[in-house]
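The following paragraphs offer a guided reading of a predicted model. Please keep the sequence and the coordinates at hand while reading.

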Amino acid sequence: MAAVAMSSYEEQRQRQVEANKRKLEELQLHHLSAAVREAATAAAKPSPVGPDCSANVPAVSCVAGSLFVLGFALSQSGFLQAKKRKARVSRDAAAEPPRRSGRVANLPEKPKYREVEVLDFGRKVRRTYSSGRKDLENRVYATDEERSHAITKAEELEEEMGTRFPIFVKPMTQSHVTGGFWLGLPTPFCRKHLPKCDEHITLVDEEDDESDTLYLARKAGLSAGWRGFAIDHKLVDGDCLVFQLIERTKFKVYIIRASSYHESED
């Protein structure tokens with residue numbers, strides 16, 4: 001193995017020597033060296049005109065020129081063997097913007113954000129209503145007679161309105177008007193007439209005052225906004241509402257009070 005390695009090394013070395021010889025022949029360095037020797041010999045001979053060295057000026061110039069040519073040839077030889085590299089040109093970063101790719105250069109400049117005062121939202125603000133109905137102990141419980149009377153009156157009103165607009169009757173219970181304030185709507189009505197996704201639905205009372213609520217399609221009921229409507233209209237257990245769909249997301253709401261039972265007795 002050692003003999004094979006040495007043989008390979010010698011072959012490579014021999015090829016390199018031959019390549020160097022060819023380069024020297026191309027540059028004709030042997031002619032240049034001979035010219036330098038002749039010029040040096042001529043400069044060393046004594047001048048017949050005496051110590052004045054002006055006669056040696058051509059010889060000295062020849063020697064200097066030959067040395068310059070020799071140095072230039074050697075430098076060119078070094079450049080041929082080395083890989084050419086592009087020189088880095090120093091530039092002033094302030095005078096010329098840095099180069100960027102087309103994708104980055106075409107992007108808009110990043111906005112400069114200024115410091116703004118951050119408000120403290122640590123304390124949660126709870127919505128309150130004018131009626132102040134927070135005490136669940138003050139719930140009103142309707143009697144069976146009051147509840148039945150309100151439902152009957154609502155159904156009579158439903159018949160009077162006809163079938164021009166979709167309509168349904170909804171009796172109020174404690175969960176609708178106190179505590180959770182969640183109003184579930186009839187599922188068949190929702191599937192047939194109401195949107196298939198969550199949307200805002202407007203409730204219009206008998207005085208044409210509007211209230212916005214959030215309809216949850218998957219749960220088929222009214223959530224946000226219904227609490228305010230119930231409190232503002234003082235709805236209690238036993239009241240009965242008639243919902244008439246006058247537009248795609250708008251109900252006309254008629255309220256039948258459970259307390260009207262006592263008025264009918266009078």
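K250 and E247 form a salt bridge in which the closest N and O atoms are 3.9 Å apart. The two partners sit in unlike surroundings: K250 counts as buried because its relative accessibility is 18%, under the 20% limit, whereas E247, at 45%, counts as partly exposed. The pair also belongs to a wider arrangement, since E210, E247 and K250 are linked in a network of salt bridges. Over the whole structure of this predicted model, the search returns 6 salt bridges.

Another of these contacts joins the side chains of D208 and K252, with an N to O distance of 2.7 Å. This salt bridge links distant parts of the chain: D208 lies in the loop between β3 (199-204) and β4 (210-216), while K252 belongs to strand β7 (residues 250-256), and 44 residues separate the two. D208 is exposed, with a relative accessibility of 55%; K252 is buried, at 12%.

The strands just mentioned can be placed within a sheet. An open sheet of 7 strands shows mixed pairing and runs in the order β1-β6-β7-β3-β4-β5-β2. Its edges are formed by β1 (167-171) and β2 (183-184), each of which pairs on one side only. In general terms, strands of a sheet pair through backbone hydrogen bonds, in either a parallel or an antiparallel manner. At one edge, β2 is joined to strand β5 (residues 221-222) by 2 bridges, and these two strands run antiparallel. Within that pairing, G184 has G221 of β5 as its bridge partner.

G184 also leads to a helix, as it is among the residues that H176 touches. H176 lies in helix α6 (residues 174-177) and counts as buried, with a relative accessibility of 8%. Which residues surround H176, when those up to four places away in sequence are not counted? They are K170, P171, F181, W182, L183, G184, W226 and A230. Two of these contacts, K170 and P171, fall within the residue range of edge strand β1, and L183 and G184 fall within that of edge strand β2.

Helix α6 also contains Q174. This residue is buried as well, at 13% relative accessibility. Leaving aside neighbours within four places in sequence, Q174 is in contact with R139, V140, Y141 and D237. The C-alpha atoms of Q174 and G238 are separated by 8.6 Å, although the two residues are 64 residues apart along the chain.

D237, one of the contacts of Q174, takes part in a salt bridge of its own. Its partner is R147, and the closest N and O atoms are 3.0 Å apart. Here too the pair links distant parts of the chain: D237 lies in the loop between α8 (226-232) and β6 (240-247), R147 lies in helix α5, and the two are 90 residues apart. D237 is buried at 5% relative accessibility, whereas R147 is partly exposed, with a relative accessible area of 24%.

R147 directs attention to its helix. Helix α5 (residues 144-161) has 18 residues and reaches 26 Å from its first C-alpha to its last, close to the 26 Å expected at 1.5 Å a residue. Where do the buried residues of this helix, E146, H149, A150, A154 and L157, lie around the axis? They cover an arc of only 130°, and therefore lie on the same side of α5. An α-helix has 3.6 residues a turn, so residues three or four places apart point the same way. The face of α5 turned away from its buried side carries D144 and E159, which are exposed. After the helix comes G162, whose phi is positive, near 80°.

The cysteines complete this reading. How many disulfides does the model contain? The count comes to 0. A disulfide is a covalent bond between the sulfur atoms of two cysteines. C190 is buried, with a relative accessibility of 4%, and C240 is likewise buried, with a relative accessible area of 0%.

Terms used:
Residues numbered from 1 in each chain as written. Predicted model: local features only at pLDDT ≥ 70, side-chain atom pairs only at ≥ 80, totals over all residues. Heavy atoms only, no water. Helix = DSSP H or I, 4+ residues; strand = E, 2+ residues; numbered from the N terminus. Buried < 20%, exposed > 50% of the residue type's maximum accessible area, 1.4 Å probe, protein only. Contact = heavy atoms within 4.5 Å. Disulfide = S-S within 2.5 Å. Expected span 1.5 Å × (residues − 1). Arc of directions from axis to C-beta. Salt bridge = Lys/Arg side-chain N within 4 Å of Asp/Glu carboxyl O. Pairing = 2+ DSSP bridges.
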